[in-house]
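Okay, thanks for making time, everyone. I'll put the structure up and then walk through it piece by piece.

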Amino acid sequence: MKQPIAPLLQALQAYAHSDAVPMHMPGHKRNTQFADYLSVLGAGFDITEIHGFDDLHQPEGILLDSMNKAAALWNSRKAFYLINGSTCGILAGIRAAAGQGSSVILTRGCHKSVYHAIELCDLTPHYLAPALDETFGIMGSITPSQVEQAIAECPHAKLLILTSPTYEGVLSDLPRICELAHKAGIPVLVDEAHGAHLGLAEGWPQGAVDAGADLVVQSLHKTLPSLTQTALMHVNGSLISADAVARQLGIFETSSPSYLLLSSIDGCVEYLLHNGTQAFVQWREYLTIFSESVKNLQHLKILFYGQDSLTQHPTFFAHDPSKLVISCRGTSITGPELMQQLRQGYGIELEMASGDYVIAMTGLGDTMQNLAALSHALCAIDKTLQSQPQKQLNPPSLPIPQRICSVDTALRSSTVCTPLEQCIGSISAEYVWAYPPGIPLLVPGEQIDQACLDTCLRLMQQGISLRSTSGSLPDSLLTLSPESVVAQNAMFLK
Ligand SMILES: Cc1ncc(COP(=O)(O)O)c(C=O)c1O
């Protein structure tokens, strides 16, 4: 598809072809003759802020114009370009809204960057536990009534933080939730890292900006045609100051932004403005054809595709069709085995594998051939499978261990290395997560209970590599030493 060259790329091209002597960063001096890798990687266009190219942290020219275009496209009050991924937007947004030492309400299913913000800002978390879907075992939506109850329990919360869509594409009822939070004067930050494509075209679910969220962070690189690490932060409504967000971005984002990344965002925005409508229709058509082609699967199930529908998932408000979640629950293979078969037998590389499901991500740049290859492979593998009774049932919702002390306190305490099987009752001094998706099973300061240990053991048995901050898994975990526990108990009793 043809489109006009985006202004930033035009400016970069003009500079690259000019006679300007580059007595500035970067050290490769755009000399692509210097080494082959520089030419392969497009170093000819790799500059940072020099005269004529504006300033990411104080935009007044070409970058401001481009960001204003993005704000108009997503219909937000202000858009910031991020080149350290959604991660830096989440850190900055939470610090801007919640400050230091306050309380926040958040889904336990938040990405680790949210937990890192809680750690850095010494926030007290009030968790919302997503119900688990019975058939796929994945996290469902956060409901308005859960939010209502959390606000009643934590009315002084400075921010509500939600992930919608989740890594698996599950959406929450954001319009209703934002309304409830705003009635209580609480702003809402939506981690829409996986949903930058939402709300831009007919036939796709509504996005978080349109739903009324105050801060929306989107990874452009996950589903839209933009380079890795590129993301957006939208500021909406009147509860959050855009200046406060800008100040925090000055802390969490590099002071030497890559213009390759910035011009990729500019190019993506320009592409969406000129070709978006047609491209979104085509993407949806590919997915409809894919759905038809997997209708006859006997063993594998694909969330909302083929024979599956919303009525079978009462814990979901809605689903983002771009995510293909393929369940092998009740069959003779596991998620990691299905991922391996697709890789080795069909040359298909998936986004992730969990115990009994895998995720295939689609994006605006996908082709019908990609989706046809996937449906062909799934149909062929399905024929080789047998049904097997399910061994373990999920708990009804994500288990959340009891929080004994703050992350910061736990990380500063003296610790011991405790064998995994003897951990119950100990207080964790480290994070444990499966990556991807990077959602913690255990946070420093939490007391390890049976449900948490069982979840870790079950995931490891299913071939999922769990990571802990110290790297001591699968054998042991760093926990608070007996002296630190005594100190914590004394604090607790005061
Ligand atoms: C839900 C969610 N939020 C935030 C992030 C961080 O995004 P980025 O990689 O753009 O920093 C991720 C990354 O996978 C994610 O899955």
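**A walk through the model**

Let me begin with a leucine. Leu180 sits in helix α7, which covers residues 174-183. Buried or exposed? Neither, really: Leu180 has 18 other C-beta atoms within 10 Å, so it comes out as partly exposed. If you ignore residues up to four places away in sequence, Leu180 touches Pro144, Val147, Glu148 and Ile151. And for a sense of distance, Ala79 is 101 residues away from Leu180 along the chain, with 24 Å between their C-alpha atoms.

Before going on, keep in mind that this is a predicted model.

Okay, zooming out. The protein has 16 helices and 18 strands. Its radius of gyration is 24 Å, and the globule rule gives 23 Å for 494 residues, so the protein is as compact as a globular protein of that length. The C-alpha trace spans about 70 × 60 × 50 Å along its principal axes. Of those 494 residues, 45% count as buried. Now look at the contacts with a separation of 6 or more: 70% of them come from residues 24 or more positions apart.

On to the sheet that α7 belongs with. We have an open sheet of seven strands with mixed pairing, and the order is β1-β8-β7-β6-β4-β2-β3. Which strands stand at the edges? Those are β1 (78-82) and β3 (124-128); each has a single partner strand, so one side of each is left without a neighbour in the sheet. From one strand to the next, the twist averages 20°.

Inside that sheet, take β6 (residues 188-191) and β7 (residues 215-219): they run parallel and are joined by three bridges. One spot to click on is Leu189, which stands opposite Leu215 in β7. And here's our helix again: α7 packs on the sheet, touching β4 (159-163) and β6, and its direction makes about 150° with that of β6.

Next up, the ligand. How many residues surround the ligand? There are 14, and the closest are Gly85, Ser86, Thr87, His111 and Ala193. Helix α4, residues 85-98, gives the most to that shell, with three residues. By character, the shell divides into nine polar residues, four nonpolar and one charged.

Now a strand I'd like you to look at: β11, residues 323-327. Five of its five residues are buried, so β11 is largely enclosed by the rest of the structure. Remember the general picture, where side chains in a regular strand alternate between the two faces of the sheet. In β11, Lys323, Val325 and Ser327 point one way, Leu324 and Ile326 point the other way, and all are buried. And yes, that includes the lysine, Lys323.

As for partners, β11 runs antiparallel to β13 (residues 357-361), with five bridges joining the two. Val325 has Ile359 as its bridge partner in β13. Then there's β9, residues 301-302, also antiparallel to β11 and joined to it by two bridges; there, Ile302 stands opposite Ile326.

A quick stop at a hairpin. Strands β15 (residues 432-434) and β16 (residues 439-442) run antiparallel and are joined by three bridges. Val432 stands opposite Leu442 in β16. Four residues lie between the two strands, and Gly438 in the turn has a positive phi of about 75°.

Last, some backbone details. Where are the cis peptide bonds I want to show you? One joins Met25 and Pro26, with omega about -10°, and Pro26 is in the loop between α1 (7-16) and α2 (36-40). Another joins Ser164 and Pro165, with omega about 0°, and Pro165 lies in the loop between β4 and β5 (170-171).

Then two positive phi values in residues other than glycine. Asn75 has phi near 65° and sits in the loop between α3 (62-74) and β1. It has 13 other C-beta atoms within 10 Å, so Asn75 is partly exposed. Asp122 has a positive phi of about 50° and belongs to the loop between α5 (112-121) and β3. Asp122 has 14 C-beta neighbours inside 10 Å, so it counts as partly exposed too.

That's my tour, so over to you for questions.

How values were computed. Residues numbered from 1 in each chain as written. Predicted model: local features only at pLDDT ≥ 70, side-chain atom pairs only at ≥ 80, totals over all residues. Near = placed C-beta within 6 Å. Nonpolar A, V, L, I, M, F, W, Y, C, P; charged D, E, K, R; others polar. Buried ≥ 20, exposed ≤ 12 C-beta atoms within 10 Å, placed from the backbone. Contact = placed C-beta atoms within 7 Å. Pairing = 2+ DSSP bridges. Axes fitted to C-alpha atoms, helices over the stretch in contact; angles between N-to-C directions. Rg over C-alpha atoms; globule rule 2.2 N^0.38 Å.
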